[in-house]
Amino acid sequence: FSAEMERTLQVLDYAILVINGSDGVQGHVETLWYLLKHYHIPVFLFVNKMDLEGTDRDKLMKELKERLSDDCEDFTYEDDDFEERIALHDEGLLEAYLEGSMPGKEEIAGLIRERKLFPCFFGSALKMEGVKELLDGLCHYIIPPVYAEEFGARVYKISRDSSGMRLTHLKVTGGMLKVKMYLDEEAEDKAEQI
């Protein structure tokens with residue numbers, strides 16, 4: 001599991017870390033958090049099962065800040081002090097906020113991309129509570145990567161299918177790969193470097 005996870009993490013642009021609201025931050029969550037930090041992957045958090053008895057949103061938010069990062073912020077509902085809480089994560093934004101300028105979508109998306117801010121959403125996936133807010137947050141705050149026009153890729157896993165045929169799993173980082181496309185040695189070197 002760990003080796004598979006690490007190979008996959010190397011090709012992610014963003015991650016959604018799902019935490020069980022009734023259990024809180026467990027050891028495996030901290031391990032995943034460390035790996036996401038190691039690979040510099042921006043993270044959105046979804047605290048699930050908040051419909052179960054005994055779950056406490058404020059207590060869980062405090063635990064996220066203490067055990068994962070003080071840069072975790074509740075994004076489920078944008079309350080009166082939302083802009084102020086966001087501005088506290090960047091000196092330039094804080095100065096602008098104190099001068100009356102509220103952080104915009106682009107600034108918030110930039111903080112998330114730079115791992116200076118981790119949006120947290122609370123809900124219950126089974127009851128579809130908080131899911132819309134999470135999806136809206138992803139749509140608003142993810143900055144799509146810009147890829148080159150020429151073909152480039154990163155191989156992150158090699159496996160075999162049931163008949164023994166070799167399968168190469170890759171993330172295309174530019175251009176297009178067509179069936180039976182010929183890659184010369186120079187192109188292969190470039191693909192390996194990306």
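Val-155, Ile-158, Leu-170, Val-172, Leu-177 and Met-181 together make a nonpolar patch of about 450 Å² on the surface. Keep in mind that this is a predicted model. Beyond the patch, there's a helix with a buried face to look at, and then the chain as a whole.

**The nonpolar patch**
- Two strands, β5 (152–160) and β6 (166–174), each give the patch at least two residues.
- Val-155 sits in strand β5.
- With a relative accessibility of 46%, Val-155 counts as partly exposed, because that label covers values from 20% to 50%.

**Helix α7**
- This helix runs over residues 131–141, and its buried residues are Val-131, Leu-134, Gly-137, Leu-138 and Tyr-141.
- Looking down the axis of α7, you'd find those buried residues within an arc of 125°, so they line one face of the helix.
- The general background is simple: an α-helix has 3.6 residues a turn, so residues three or four places apart point the same way.
- Flip to the other side of α7 and you meet Lys-132 and Cys-139, which are exposed.
- What do the buried residues of α7 pack against? Their partners are β1 (15–20), β2 (43–48), α6 (105–113) and β4 (118–122).

**The whole chain**
- The protein chain has 8 helices and 6 strands, and along the sequence they come in the pattern α-β-α-β-α-β-α-α-α-β-α-β-β-α.
- Its C-alpha atoms fill a box of roughly 55 × 45 × 25 Å along the principal axes.
- The chain has 194 residues, and 37% of them count as buried.
- About 12400 Å² of the chain is exposed, with carbon and sulfur atoms supplying 51% of that area.
- Take the contacts between residues at least 6 apart in sequence: 65% of them join residues at least 24 apart.

Terms used:
Residues are numbered from 1 along each chain as its sequence is written. This is a predicted model: local features need pLDDT of at least 70, side-chain atom pairs count only at pLDDT 80 or more; totals for chains, interfaces and linings use all residues. Side-chain values use heavy atoms; hydrogens and water are left out. Patches are made of residues with over 30% relative accessible area and no salt bridge: like charges are joined within 9 Å, nonpolar side chains (Val, Leu, Ile, Met, Phe, Trp, Tyr) within 5 Å. Accessible areas come from the Shrake-Rupley method with a 1.4 Å probe; for residues, only the protein chains shown count as cover. A salt bridge is a side-chain nitrogen of Lys or Arg within 4 Å of a carboxyl oxygen of Asp or Glu. Helices (H or I, at least four residues) and strands (E, at least two) are DSSP runs, numbered from the N terminus. Buried means under 20% relative accessible area, exposed over 50%, partly exposed in between (1.4 Å probe, protein chains only). The arc is that of the directions from the helix axis to the C-beta atoms. Contact means heavy atoms within 4.5 Å.
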